[in-house]
Amino acid sequence: MSDKLSPSRLEAFSDGVIAVIITIMVLELKVPGKDVSNLAGVREDAPLLLVYLLSFVQTGIYWVNHHYLVDDVEQVTHGILWSNLALLFTLSLIPWATNWVALRGISSFSVALYCIVCQLPALTWLLLSTLICRRSGKPLASSPGQQIFSAALYTSAIPVAYYNPYISLAMIGLVAVRWLLPPKKIVELTRNSKP
């Protein structure tokens with residue numbers, strides 16, 4: 001066994017699990033029956049397709065940021081491996097919560113449950129990113145303010161779901177939109193590494 005635990009296996013395993021998570025989500029999408037017209041079926045499924053899109057984007061954001069994070073570490077530890085597994089476990093709950101909304105509809109409870117499941121990867125991400133930053137000695141690509149903003153919106157979206165589930169989903173969407181913008185550190189690195 002090597003003295004150095006390379007992050008390559010962690011990254012490859014994570015890529016595979018995240019690909020399966022996204023595949024499971026798309027397999028859960030169902031076409032309406034023939035008793036519903038095409039336009040009515042699309043109209044009926046539009047909110048659920050938006051929740052699927054939101055779930056897909058959130059999972060993709062974790063995949064992109066995982067790449068940035070793991071790129072900073074040269075050697076993984078036992079704690080990093082287990083915190084990465086915790087992140088993957090919480091991400092694997094997203095298809096379940098998405099399917100819950102698909103089967104039960106957009107209601108206060110289903111959206112609150114969805115928001116809780118969206119909060120879980122954020123918590124495990126904090127643990128993983130803290131361990132990797134300590135190991136690598138490098139700061140996160142994103143700012144602490146962005147993480148606090150995201151955590152606050154995820155947390156407040158849970159009770160808001162009981163007031164208005166659509167506003168709650170919009171809050172989760174706002175977090176996703178914020179994370180779609182690349183971190184300043186990554187923009188600077190890509191500018192400086194022109195071919």
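Let's start with Gln58, which sits in helix H2. Keep in mind that we are looking at a predicted model. Is Gln58 buried or exposed? With a relative accessibility of 3%, Gln58 is buried, because the cut-off for that class is under 20%. And what does Gln58 touch, once we set aside its neighbours within four places in sequence? The partners are Tyr114, Cys118, Tyr154, Ile172 and Ala176.

One of those partners, Cys118, deserves a look of its own. Cys118 belongs to helix H4. Its relative accessible area is 1%, so Cys118 is buried as well. If we again leave out residues within four places in sequence, Cys118 is in contact with Gln58, Tyr62, Tyr154 and Ile172. So much for contacts; here is a C-alpha distance for those of you who like them. Between Cys118 and Leu93 there are 8.6 Å in space, C-alpha to C-alpha, for a separation of 25 residues in sequence.

Two of the names you just heard come back when we turn to the cavities. How many cavities of 30 Å³ or more does a search of the whole structure find? The search finds two. For the largest cavity, the volume comes out at about 210 Å³. Its lining has 14 residues, and the closest to the centre are Tyr62, Ala122, Ser150, Tyr154 and Trp179. So Tyr62 and Tyr154, both contacts of Cys118, are among the residues closest to the centre of the largest cavity. Which helices supply at least two residues each to this lining? They are helix H2 (38–71), helix H4 (108–136), helix H5 (144–163) and helix H6 (165–180). By residue class, the lining of the largest cavity has 10 nonpolar residues, four polar and no charged.

Now over to a pocket. The second largest pocket holds about 280 Å³ of space. Around it you will find Leu5, Ser6, Arg9, Leu10, Phe13, Val76, Leu81, Asn84 and Leu85. Helix H1 (8–27) and helix H3 (78–104) are the elements that give two or more residues to that lining. Six of the lining residues are nonpolar, two are polar and one is charged. If you are clicking along, Arg9 is in that list of lining residues, and Arg counts as charged.

Next, the aromatics. A search of the whole structure gives four aromatic pairs. I'll show you two of them. The pair of Tyr52 and Phe56 is tilted, with 6.2 Å centre to centre and 45° between the planes. How far apart are Tyr52 and Phe56 along helix H2? They are four residues apart, so about one helical turn separates them. Tyr52 has a relative accessibility of 14% and therefore counts as buried, whereas Phe56, at 34%, is partly exposed.

The other pair I picked is Trp100 with Phe109, also classed as tilted. Here the centres are 6.0 Å apart and the planes make an angle of 55°. Trp100 is partly exposed, with a relative accessible area of 22%. Phe109 is partly exposed too, at 45%. With Trp96 added, Trp100 and Phe109 make up one aromatic cluster. Trp100 has another partner for you: the charged end of Arg104 sits over its ring, 4.5 Å from the centre.

One more tryptophan before I zoom out. Trp63 lies in helix H2. Its relative accessibility is 41%, so Trp63 counts as partly exposed. Not counting residues up to four places away in sequence, Trp63 touches Asp15 and Ile18. Its C-alpha atom is separated by 8.2 Å from that of Ser14, a residue 49 places away along the chain.

Finally, the whole chain. How many helices and how many strands does the protein chain have? It has seven helices and zero strands, and along the sequence the pattern reads α-α-α-α-α-α-α. Of the 195 residues in the chain, 38% are buried. What about contacts between residues at least 6 apart in sequence? Among these, 80% join residues at least 24 apart. The contact of Gln58 with Cys118, where I started, links helix H2 to helix H4. Thanks, everyone, and I'm happy to rotate the model for anyone who would like another look.

Methods. Residues are numbered from 1 along each chain as its sequence is written. This is a predicted model: local features need pLDDT of at least 70, side-chain atom pairs count only at pLDDT 80 or more; totals for chains, interfaces and linings use all residues. Side-chain values use heavy atoms; hydrogens and water are left out. On a 1 Å grid over the protein atoms alone, a cavity is a set of points where a 1.4 Å probe fits but cannot get out, and a pocket is an open set with protein on both sides within 12 Å along at least five of seven lines; lining residues have an atom within 4 Å of a point. Grid points are joined across faces, edges and corners, and a volume is the space filled by probe spheres set on the points. Buried means under 20% relative accessible area, exposed over 50%, partly exposed in between (1.4 Å probe, protein chains only). Contact means heavy atoms within 4.5 Å. Rings of Phe, Tyr and Trp (its six-membered ring) pair if their centres lie within 6.5 Å; planes under 30 degrees apart count as stacked, over 60 as edge-to-face and the rest as tilted. A charge sits over a ring if NZ of Lys or CZ of Arg is within 6 Å of the ring centre and within 35 degrees of the ring normal.
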